[in-house]
There are 2 protein chains.
Amino acid sequence: MAGLANLHTPDELHEAFRQFLRQRGIKYTGARKKILDAVLDLTDHFEAEQILYLLKDRGLNVGKATVYRTLPLLVDSGILKQVRFDVKQAHYEHAFGEGPHDHMVCRRCSRIVEFGSEEVVALCEKIARQHHFHVISHRFQLTGLCWECSTQCPVVALPPSGE
Amino acid sequence: MAGLANLHTPDELHEAFRQFLRQRGIKYTGARKKILDAVLDLTDHFEAEQILYLLKDRGLNVGKATVYRTLPLLVDSGILKQVRFDVKQAHYEHAFGEGPHDHMVCRRCSRIVEFGSEEVVALCEKIARQHHFHVISHRFQLTGLCWECSTQCPVVALPPSGE
DNA sequence: ATGCTTGCAAAACGTTTGCACAGGG
DNA sequence: CCCTGTGCAAACGTTTTGCAAGCAT
């Protein structure tokens, strides 16, 4: 489920995925291999369609539905993490290697800055304790202006929504 | 834009909305009045369709498009706040009265527990300072098991994403 | 050989847009 | 009265599902 922090190579991750599927009685098929390969070659935050494009570029014929059906498996296996920004489509990022982190999204240039979450995790635990809640995961996102954009013009001209 | 913390009654909020619209050169129409009335009668976290249902129940004929076109106005006016959980559709909550807060979502029973965000805001500022980021808003959400559900069975049986 | 898995197409879903008509300032 | 706002329906983009055929175990 988790604990892929020490696995880095494609081979190790394919093997981990295969074992995850097997212990669930799910097959490690060609399409799923191709999708995992594509996913490992993508960086940062990508969406389902980018996987499709990459597969098409490689001349691999994998259906859109198969990609959408495989993504939850990759998330459950601990290889991917679903990240939701304030848009309708889901984004994903690698969940192996690198510790957990959170995101700041620049409202003007859409740049995404990542930052470590030790303090965030500590706060999660403190709050959870106060409310008798058992935390499984957290999501912490800052929206604002990145350094460059706020230097250019610190006035927040864009309204929160619309227009 | 903001500063509706002291307004509570429907009349005050209608007046605030009317002024907000006027200073933008937008009309305070019958449909928008009905939508605001419906929105004020809803509690907690609701989605666009719930507003439509409520209006239909009241025998008011307001189009879906009008509701979707009015929601951003209500958000910009500071009456509503858009809240995004890990689902595709947007949710909204009252933004007047009550200070800012964040949410814990129970993975098993979907209950939403709110908690104050003073510490979260402080952490936002600290992190923003470290990364030279100008924060406009934050979003902090905990996913896990609420007190009742974790009492029943603390084992996290449900996978992060379905089946 | 069996039945999970696939690709395709079509449906579903929340949201947006185009349009002719209605209604507010 | 003019121009914005409205309701309807159709379009939209993402995700899901039904199905016959394919393929891993």
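A polar contact is a pair of N or O atoms within 3.5 Å; within protein, one must be able to donate a hydrogen and the other to accept it, and residues adjacent in sequence count only if both atoms are side-chain atoms. One such pair joins a base nitrogen of DNA strand D to an N or O atom in the side chain of Arg69(B), at 3.1 Å. The model is predicted, with local features needing pLDDT of at least 70 and side-chain atom pairs pLDDT 80 or more, while totals for chains, interfaces and linings use all residues. Residues are numbered from 1 along each chain as its sequence is written, chains are lettered from A and ligands numbered from 1 in the order in which they are written, and side-chain values use heavy atoms, without hydrogens and water.

**Surface near DNA strand D**

- DNA strand D is surrounded by 21 residues (near: a heavy atom within 4 Å); the closest are Tyr68(A), Thr29(B), Arg32(B), Asn61(B) and Thr66(B).
- Sugar or phosphate accounts for 70% of the atoms of DNA strand D within 4 Å of the protein, and bases for the rest.
- Phosphate oxygens of DNA strand D lie 2.5 Å from a polar side-chain atom of Tyr68(A) and 2.4 Å from a side-chain N or O atom of Thr29(B).
- Helix 4 of chain A, helix 2 (30-41) of chain B and helix 4 (64-76) of chain B each supply at least two residues of this surface; the largest share, four residues, comes from helix 4 of chain A.
- By class, this surface has eight nonpolar residues, five polar and eight charged.

**Helix 4 of chain A**

- Helix 4 (residues 64-76; helices are DSSP runs of H or I, at least four residues, numbered from the N terminus) has 13 residues.
- From first C-alpha to last, helix 4 of chain A reaches 19 Å, close to the 18 Å expected (1.5 Å times one less than the number of residues).
- Its buried residues (under 20% relative accessible area, 1.4 Å probe, protein chains only) are Val67(A), Thr70(A), Leu71(A), Leu73(A), Leu74(A), Val75(A) and Asp76(A).
- Their cover (contact: heavy atoms within 4.5 Å) includes helices 1, 2 and 3 and strands 2 and 3 of chain A.
- Just after this helix, Gly78(A) takes a positive phi of about 90 degrees.

**Sheet of chain B**

- Three strands (DSSP runs of E, at least two residues) form an open antiparallel sheet in the order 1-3-2, where pairing requires at least two DSSP bridges.
- Strand 1 (46-47) and strand 2 (80-83) stand at the edges with a single partner strand each, so one side of each lacks a neighbour in the sheet.
- Four bridges join strand 2 to strand 3 (residues 91-94), and Gln82(B) stands opposite Tyr92(B).

Definitions and conventions: Buried < 20%, exposed > 50% of the residue type's maximum accessible area, 1.4 Å probe, protein only. Nonpolar A, V, L, I, M, F, W, Y, C, P; charged D, E, K, R; others polar.
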